[in-house]
Amino acid sequence: MKFETAHSQTLRDLLTWRRDTRHFRPDAVSQDALQELQSAMELAPSVGNARPWRVLSVTSPEKRSQVRSEFQRCNAVAETQYDDKAKAEYRKLKLAGLDIAPVQLAVFTDTAPNEGRGLGRHSMPETLEQSTAMAIFSLWLMARSHNLGVGMVSILDPKKIEAIFDAPDTWRFSAYLCIGHPSFLDDTPLLHKVDWQKNTDTVWAEV
Ligand SMILES: Cc1cc2nc3c(=O)[nH]c(=O)nc-3n(C[C@H](O)[C@H](O)[C@H](O)COP(=O)(O)O)c2cc1C
């Protein structure tokens, strides 16, 4: 496959309009689109080809409610690290779309997979979790290409999430993803827009 300028432009558009989504419409996501998201993960690179990501699609209202409560608990703890002024700003942020997102995925990393036979991770075991992050990003871009939004939620205690989902001993919680149709589109990160954290340039130095 030889790519042309139009492909680069499309990729740039996807990257520009990707954004972390926290505001969703409740409309369902088609099974075909979900299948595409799964296949995007399957195309991701991974250390030793270990493909250590493990995905649970969370449909149970009870489990969703447990995750929401855990988010609220962690978010309340998180705000205590700020002084009064910053705390007031923090409280105004919307940091998850757990209330509405029609699709929710709990993503874990198997820290001891047989697959890959240890290749590439002996001196850097964290490459397994890096591999999961790459699979998540592949899903994220594919979602955008289907006009869906993805919101990543990390304001959670990994141990609590592992317990909620009764995860096997070798699984480590990586991220909780909210997925659905965004209620608005933007090409600018929300945290940049609301002045919490402006975009900074990538450090890219010649040595
Ligand atoms: C590893 C990771 C964890 C994140 N956790 C959260 C989160 O818990 N809540 C949230 O609102 N956004 C979360 N985000 C989204 C970031 O805030 C967002 O990517 C960043 O502000 C830049 O915005 P953009 O993704 O729209 O470019 C997370 C993103 C990453 C990559």
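Which residues does Arg-144 touch, not counting residues up to four places away in sequence? The first close-up takes up that point, and the others move on through this predicted model.

**View 1. Arg-144, a buried arginine without a salt bridge.** Arg-144 sits in helix 5, which covers residues 127-145. Leaving out residues up to four places away in sequence, Arg-144 touches Leu-14, Trp-17, Arg-18 and Leu-185. One of these, Trp-17, offers its backbone oxygen, which lies 2.6 Å from a polar atom of the Arg-144 side chain. Look for an acidic partner and you will come to Asp-186, the nearest side chain of opposite charge, but it is 9.8 Å away. Arg-144 is thus shown here as buried and with no salt bridge.

**View 2. Asp-186 and its salt bridge with Lys-193.** While Asp-186 is 9.8 Å away from Arg-144, it does form a salt bridge with Lys-193. The closest N and O atoms of Lys-193 and Asp-186 are 2.5 Å apart. Asp-186 has a relative accessible area of 15%, so it counts as buried. Keep this aspartate in mind for the next view, where it turns up beside an enclosed space.

**View 3. The largest cavity, with a volume of about 160 Å³.** The search gives a count of one cavity of 30 Å³ or more. Its lining is made of 15 residues. Closest to the centre of the largest cavity are Arg-19, Asp-20, Thr-21, Phe-184 and Asp-186.

**View 4. The largest pocket, holding about 290 Å³ of space.** Here 14 residues form the lining, and those nearest the centre are Leu-34, Leu-37, Gln-38, Met-41 and Val-55. Helix 2, strand 1 and strand 2 (103-110) are the elements that give two or more residues to this lining. Which element provides the largest share of the lining? Helix 2 does, with seven residues.

**View 5. Arg-54 and Asp-110, a salt bridge between two strands.** In this pair the closest N and O atoms are 3.4 Å apart. Arg-54 belongs to strand 1 and Asp-110 to strand 2, so the salt bridge ties together parts that are 56 residues apart in sequence. Are the two partners buried or exposed? Arg-54 has 18% relative accessibility and therefore counts as buried. Asp-110, at 10% relative accessibility, counts as buried too.

**View 6. Glu-79 and Arg-91, a salt bridge between two helices.** The closest N and O atoms of Glu-79 and Arg-91 are 2.7 Å apart. Glu-79 is in helix 3 (residues 61-79) and Arg-91 in helix 4 (residues 84-92), so that distant parts of the chain, 12 residues apart, are linked. The partners differ in their surroundings: Glu-79 is buried, with a relative accessible area of 15%, whereas Arg-91 counts as exposed at 56% relative accessibility. A wider look at the whole structure finds 12 salt bridges.

**View 7. Asn-75, a buried residue of helix 3.** Asn-75 has a relative accessible area of 18%, which means that it is buried. Setting aside its neighbours within four places in sequence, Asn-75 is in contact with Tyr-90, Leu-95 and Ile-155.

**View 8. Thr-10, a partly exposed residue of helix 1.** Helix 1 spans residues 5-16 and includes Thr-10. The relative accessible area of Thr-10 is 45%, so this threonine is partly exposed. Its side chain reaches the backbone oxygen of Ala-6 at 2.9 Å. How far apart are the C-alpha atoms of Thr-10 and Ser-145? They are separated by 9.3 Å, although the two residues are 135 residues apart along the chain.

**View 9. Asn-49 and Asp-195, each with a positive phi.** Neither residue is a glycine, so their backbones deserve a friendly second glance. Phi of Asn-49 is near 60°, and that of Asp-195 is near 70°. Asn-49 is found in the loop between helix 2 (31-42) and strand 1 (53-57). Asp-195 lies in the segment after helix 7 (190-193).

Methods. Residues are numbered from 1 along each chain as its sequence is written. This is a predicted model: local features need pLDDT of at least 70, side-chain atom pairs count only at pLDDT 80 or more; totals for chains, interfaces and linings use all residues. Side-chain values use heavy atoms; hydrogens and water are left out. Helices (H or I, at least four residues) and strands (E, at least two) are DSSP runs, numbered from the N terminus. Buried means under 20% relative accessible area, exposed over 50%, partly exposed in between (1.4 Å probe, protein chains only). Lys and Arg count as positive and Asp and Glu as negative; His and the chain ends are not counted. A salt bridge is a side-chain nitrogen of Lys or Arg within 4 Å of a carboxyl oxygen of Asp or Glu. A polar contact is a pair of N or O atoms within 3.5 Å; within protein, one must be able to donate a hydrogen and the other to accept it, and residues adjacent in sequence count only if both atoms are side-chain atoms. Contact means heavy atoms within 4.5 Å. On a 1 Å grid over the protein atoms alone, a cavity is a set of points where a 1.4 Å probe fits but cannot get out, and a pocket is an open set with protein on both sides within 12 Å along at least five of seven lines; lining residues have an atom within 4 Å of a point. Grid points are joined across faces, edges and corners, and a volume is the space filled by probe spheres set on the points.
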